[in-house]
Amino acid sequence: MTFDYDLFVIGGGSGGVRAARIAAGEHGARVGLAEESRMGGTCVIRGCVPKKLMIFASQAPLLAEEMRGYGWQQAQTGHFDWTAFRGKLDEELTRLENAYTRNAERAGVQIFHQRARLADHHTVELADGTRKSAKHILIAVGGRPARIGIPGDEHALVSDDLFLMDELPRRALLVGGGFIACEYATILNGMGVDTSQAYRGDMVLRGFDLEAREMATQQLTDIGVDLRLGLTPVRLSKEAGRIAVQFSDGSTDHFDAVFFATGRSPYTGGLGLENTGVRLRPTGAIEVDEWSQSSVPSIFAVGDVTDRVNLTPVAIREGHAFADTIFGARPRKVRHDLVASAVYLRPGELGSIGLTEEEARGRGPVDVYSAVFRPMRSMFAGSNARTLMKLLVEPETDRVLGCHIFGPEAGEMIQIAAIPITMGCTKADFDATMAVHPTAAEELVTMRHPTRRHDAAKVA
Ligand SMILES: Cc1cc2nc3c(=O)[nH]c(=O)nc-3n(C[C@H](O)[C@H](O)[C@H](O)COP(=O)(O)OP(=O)(O)OC[C@H]3O[C@@H](n4cnc5c(N)ncnc54)[C@H](O)[C@@H]3O)c2cc1C
Ligand SMILES: NC(=O)c1ccc[n+]([C@@H]2O[C@H](COP(=O)([O-])OP(=O)(O)OC[C@H]3O[C@@H](n4cnc5c(N)ncnc54)[C@H](O)[C@@H]3O)[C@@H](O)[C@H]2O)c1
């Protein structure tokens, strides 16, 4: 049987573009790709990139405050010009979008700027009705922001909308306590928006190390976010151009904008999956094996649509491994058990890899090396902000099972710490490493004695 393509990719985001480029450019496959919106996908257009630029923009008031503590007594930020920032942001995103398109085309990928759906195991139908056959199909359609299904939730915005606003709201509410809610609350607060955050739990960033979560929760309040814990909206309505929010405790408040940051769902609706028999998990994610292969042998899936670890570098690695395996005769699996990540807050970020203290003590004995301190930089300026450096070590093997850092530039630090930890290093390797002085990160190689030791969890 002959096909139009060796590979057809649906979705021009992190995972899809990497797979298409490697398959075509490095392994000589004939590759087609459909993208219904802008090339680059969530990360480039409405995720990591614009979000991080906004984090940088939002830190000015904190920097000015710190510099006043260093003797720059007049340091002030003045007024934040959202229009000027957005103009520059739009230009930058267009530049990146063009680079993604150009690089894929240079590798030999034929791009269709249209929505695509599956017609059968080897056929994709584009929005204009044309059909393309392919020996292999890769689904890399990502996810979409989820709404919580309360009355009036059509009045709420989602994360995508922040990057498109003509002006910033005067008063905003973030709903949720995950990555996006905490990062967006930090951004809006830093840009001068009167910011509230409602989270149904008692501490933000569920799933992260408890000690680090406590610090992140405290920091949100310290920087001026009105963090309302144990609270969730139950109804939204429009009143005189503002949004009235009724909360679970019976209270009502009014905001100019309400953002739901309540998770993301795999974007599998309307994709024609019923024409293929591709199996889905209960969450709507495409079920794949360790080779990213679906229940239909010719159809593979990578990235957020598979809901494994929903981060850009993971989607990229999955796409790359898929292309090497299928087209490069270089079978490669992706490890999902040891993935570093960062939550970009200000002034402290949260960087993590490996087990949390709670997970580690649930598995067996663990030594906890935890240093909480006021770093010299902010302490001199008069701030009480604290930094956390934490290592979790398996006593029997001395292996480092996890590392959690809360503080300025924790994202940068955890990227470096992730290398030895991924290699399987021991605490003795950290101890043998000479410190770099004076830095905050030197604590990682100077913690001599465990702060506490948990014995093996008792099995009931
Ligand atoms: C606000 C926000 C901030 C984030 N910040 C970070 C961060 O700091 N670090 C990090 O690692 N991760 C971050 N993420 C997560 C990261 O963006 C995703 O994990 C990553 O983009 C997933 O890549 P993907 O290839 O699976 O999907 P996507 O990048 O979402 O790409 C999917 C593409 O498919 C297209 N598409 C969908 N359906 C069709 C169809 N039927 N036909 C044609 N095209 C279609 C979409 O338009 C989209 O371009 C963030 C996410 C958000 C929302
Ligand atoms: N820095 C980064 O790497 C980064 C940044 C942003 C997003 N991301 C990725 O995007 C994903 C999505 O981010 P997110 O923050 O939307 O999801 P999340 O899963 O991190 O957080 C969702 C939040 O919404 C709350 N929630 C869910 N349903 C609710 C309901 N019915 N009522 C009230 N609250 C509810 C949850 O309790 C949780 O606090 C992340 O899991 C992550 O993989 C990564």
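**Group meeting talk: domains, ligands and sheets**

Over residues 5–319 the chain is 32% helix and 25% strand, with the end C-alpha atoms 17 Å apart. I start with that stretch because an unreviewed UniProt entry annotates residues 5–319 as "domain: FAD/NAD(P)-binding", and such annotations may be inferred rather than shown by experiment. Before going on, please keep in mind that this is a predicted model.

The same kind of record gives us a second stretch. UniProt, again in an unreviewed entry, places "domain: Pyridine nucleotide-disulphide oxidoreductase dimerisation" at residues 340–447. In the model, residues 340–447 are 33% helix and 30% strand, and the C-alpha atoms at the two ends sit 21 Å apart.

Now, how does the domain assignment divide the chain? Domain 1 is made of two pieces, 5–145 and 265–327. Domain 2 covers 153–261, and domain 3 covers 341–459.

Let's look at how domain 1 meets domain 3. Their C-alpha centres lie 32 Å apart. There is contact between them, with 9 residues of domain 1 touching 9 residues of domain 3. Which elements of domain 1 give two or more residues to that side? They are α3, at 48–58, and α4, at 60–68. The largest share comes from α3, with 3 residues. By class, this side of domain 1 has 4 nonpolar, 3 polar and 2 charged residues.

Keep α3 in view, and we can move to ligand 1. This ligand has 35 residues around it, and the closest are Gly11, Gly13, Gly41, Gly142 and Gly303. Helix α3 turns up here as well: α1 (14–26), α2 (41–46), α3, β4 (116–120) and α9 (312–327) each supply at least two residues of the shell. For those of you who think in side chains, the shell around ligand 1 divides into 14 nonpolar, 15 polar and 6 charged residues.

One of those elements, β4, is worth a short stop. It pairs with β5, residues 123–126, in the antiparallel sense over 4 bridges. The two strands are joined as a hairpin through 2 residues. If you want a pair to find on the screen, Asp120 stands opposite Thr123 in β5.

On to ligand 2. It has 21 residues around it, and those that come nearest are Gly176, Gly178, Phe179, Ile180 and Asn310. Two elements give two or more residues to this shell, namely α7 (179–190) and β18 (341–343). Of these, α7 gives the most, with 4 residues. The shell around ligand 2 splits into 10 nonpolar, 8 polar and 3 charged residues. Which domains each give at least three residues to it? Those are domain 2 and domain 3.

So where does α7 sit? Helix α7 lies across β9 (171–175), β10 (194–199) and β15, and runs at about 165 degrees to β10. Those strands belong to an open sheet of 5 strands, in the order β8-β15-β9-β10-β11, with parallel pairing. At the edges stand β8 (157–158) and β11 (226–229); each has a single partner strand, so one side of each is left without a neighbour in the sheet. For β8, 2 bridges join the strand to β15, residues 257–260, and the two run parallel. Within that pairing, Leu157 has Phe259 of β15 as its bridge partner.

The last stop is a sheet with antiparallel pairing: an open one of 3 strands, in the order β12-β13-β14. Its edge strands are β12 (233–239) and β14 (252–255), each pairing on one side only. From one strand to the next, the twist averages 25 degrees. As a reminder, strands of a sheet pair through backbone hydrogen bonds, either parallel or antiparallel.

Here 6 bridges join β12 to β13, residues 242–247. Two pairs to look for are Lys238 with its bridge partner Ile243, and Arg235, which stands opposite Gln246. Between β12 and β13 there is a hairpin with 2 residues in between, and Ala240 in the turn has a positive phi of about 50 degrees.

That's my tour. Thanks for listening, and I'm happy to go back to any part of it on the screen.

Methods: Residues are numbered from 1 along each chain as its sequence is written. Chains are lettered from A and ligands numbered from 1 in the order in which they are written. This is a predicted model: local features need pLDDT of at least 70, side-chain atom pairs count only at pLDDT 80 or more; totals for chains, interfaces and linings use all residues. Domain bounds come from an automatic or database domain assignment. Two residues are in contact if their C-beta atoms, placed from the backbone, lie within 7 Å. Ala, Val, Leu, Ile, Met, Phe, Trp, Tyr, Cys and Pro count as nonpolar, Asp, Glu, Lys and Arg as charged, and the others, Gly among them, as polar. A residue is near a molecule or strand if its C-beta atom, placed from the backbone, lies within 6 Å of it. Two strands pair if DSSP finds at least two bridges between them. Axes are lines fitted to C-alpha atoms, for helices over the stretch in contact, and angles run from 0 to 180 degrees between N-to-C directions.
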